[in-house]
Amino acid sequence: MTIKIILIALLLIIAAVIAIIYHDMTHFVVREYEIHSDKIEKDAVFCLLSDLHEKDYGDGNRALVEAIDSAHPDMVLMAGDMITGQNSHHKLNPEPVLSIIRKIVDKYPVYAANGNHEYKTWAIGGEGEEAYLNYEKALTDLGVVLLRNTGTYLEEYNMEIHGLETSYEYFKKFFKAQMDVDYINGFFGVPCSERYQLLIAHNPIYFEEYCKWGADLTVSGHVHGGIARLPFLGGVLSPALMLFPKYDGGLFKNGDKYMVLSRGLGMHTVPIRFNNPGELCVIRVYSDKK
């Protein structure tokens, strides 16, 4: 009888785990984050999308668009890996992200930076590069401001938005390559300390380096929340195959500087999510200017 009870309990646990995985692979949640600054000229609301990996939430990503509309953002930020990198086994499918852009770009400005999947698709050359360039053209033709190691200044907010696109050496497995502040300065120069500096940078592992450069707010993705999340321990595995990464998702602070790390919306490599549904981030930055 004891063995039978144990087997039944195990089957129930397995069934519960499968149900949670299925739910988290097919649903997303909205999480809100609040930040204050005396640099920003007026309050701003951002919706942050990251790591969609070509996933659809409803026809034409209808559910995701409705969630964005419900947040009434001033602008939408995309932190990379909205597509999955093209290779011999996968052809790039930009339609899931383009279907979102078509429905929102006339209502909210969209600022985007690339992640490792966009970079990899472009960098391989040949058909991959062509597929990426077609995707990039589709984004910009729709009105997306794509920041490939460039920035823009929004005077009404006294805010600069920069998009950092690093080379693939900064996405290696098992270890963190060194990144000097001069590497970021090489793209953007020394930032103006009187302006609010918002940095879109896909890989959160370099949060300290972004802060040293001068980013007041960094928005990132890449880690997918750690794929599976355990109570008290957080995310289990990073894309660099590091266990229990320091930065797995949520709001992080370094002095007076912040990072909002999206847990992402889709899946890749390890195609599951456990106790870790997709996430749309709503970031409210309030002005403390006197």
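User: Which residue in strand 14 is the bridge partner of Ala-44?
Analyst: Let's start with the two strands themselves, where strands are DSSP runs of E with at least two residues and helices are runs of H or I with at least four, all numbered from the N terminus. Strand 2 covers residues 44-49 and strand 14 covers residues 278-287, and the two run antiparallel. Ala-44 belongs to strand 2, and its bridge partner in strand 14 is Val-285.

User: Good to know! Which pLDDT do local features need here?
Analyst: Residues are numbered from 1 along each chain as its sequence is written, while side-chain values use heavy atoms and leave out hydrogens and water. This is a predicted model, where totals for chains, interfaces and linings use all residues, side-chain atom pairs count only at pLDDT 80 or more, and local features need pLDDT of at least 70.

User: How many bridges join strand 2 to strand 14?
Analyst: DSSP must find at least two bridges between two strands for them to pair. Strand 2 and strand 14 run antiparallel, and the bridges between them number five.

User: In the sheet with the order 1-14-2-3-4-5, which are the edge strands?
Analyst: This open sheet has six strands and mixed pairing. An edge strand pairs on one side only, and that describes strand 1 (28-37) and strand 5 (145-146).

User: What angle does the direction of helix 2 make with that of strand 14?
Analyst: Helix 2, residues 62-71, packs on the sheet that has strand 1 and strand 5 at its edges. The helix touches strand 1, strand 2, strand 3 (75-78) and strand 14, contact being heavy atoms within 4.5 Å. Directions come from axes fitted to C-alpha atoms, for helices over the stretch in contact, and angles run from 0 to 180 degrees between N-to-C directions. For helix 2 and strand 14 the angle is about 15 degrees.

User: How are helix 3 and helix 5 placed relative to each other?
Analyst: Helix 3 (residues 95-104) and helix 5 (residues 126-142) have axes 10 Å apart and pack at an angle of about 10 degrees. Angles under 35 degrees count as roughly parallel, over 145 as roughly antiparallel, 65 to 115 as roughly perpendicular and the rest as oblique. Helix 3 and helix 5 are therefore roughly parallel.

User: How many residues of the contact of helix 3 with helix 5 are charged?
Analyst: Helix 3 brings Val-97, Leu-98, Ile-101 and Arg-102, which meet Tyr-135, Ala-138, Leu-139 and Leu-142 in helix 5. Asp, Glu, Lys and Arg count as charged, Ala, Val, Leu, Ile, Met, Phe, Trp, Tyr, Cys and Pro as nonpolar, and the others, Gly among them, as polar. The contact has seven nonpolar residues and no polar ones, and its charged residues number one.

User: And how do helix 4 and helix 5 lie to each other?
Analyst: The axes of helix 4 (residues 116-123) and helix 5 come within 6 Å and cross at roughly 125 degrees. Helix 4 and helix 5 are therefore oblique.

User: How many residues of the contact of helix 4 with helix 5 are nonpolar?
Analyst: Helix 4 contributes Glu-118, Thr-121 and Trp-122, and helix 5 contributes Gly-128, Glu-129, Tyr-132, Leu-133 and Tyr-135. Two of these residues are polar and two are charged, and the nonpolar ones number four.

User: In the sheet with the order 6-7-8-9-13-12, by how many degrees are neighbouring strands turned on average?
Analyst: This is an open sheet of six strands with mixed pairing. Its edge strands are strand 6 (150-154) and strand 12 (250-254). With direction ignored, the average turn between neighbouring strands is 20 degrees.

User: Which residue in strand 13 is the bridge partner of Leu-217?
Analyst: Strand 9 (residues 217-220) pairs with strand 13 (residues 257-261) in the parallel sense, over four bridges. The partner of Leu-217 in strand 13 is Tyr-258.

User: Which residue takes a positive phi in the hairpin of strand 6 and strand 7?
Analyst: Strand 6 and strand 7 pair in the antiparallel sense over five bridges, and Thr-150 has Gly-163 of strand 7 as its bridge partner. Four residues lie between the strands of this hairpin. The positive phi, near 50 degrees, belongs to Asn-158.
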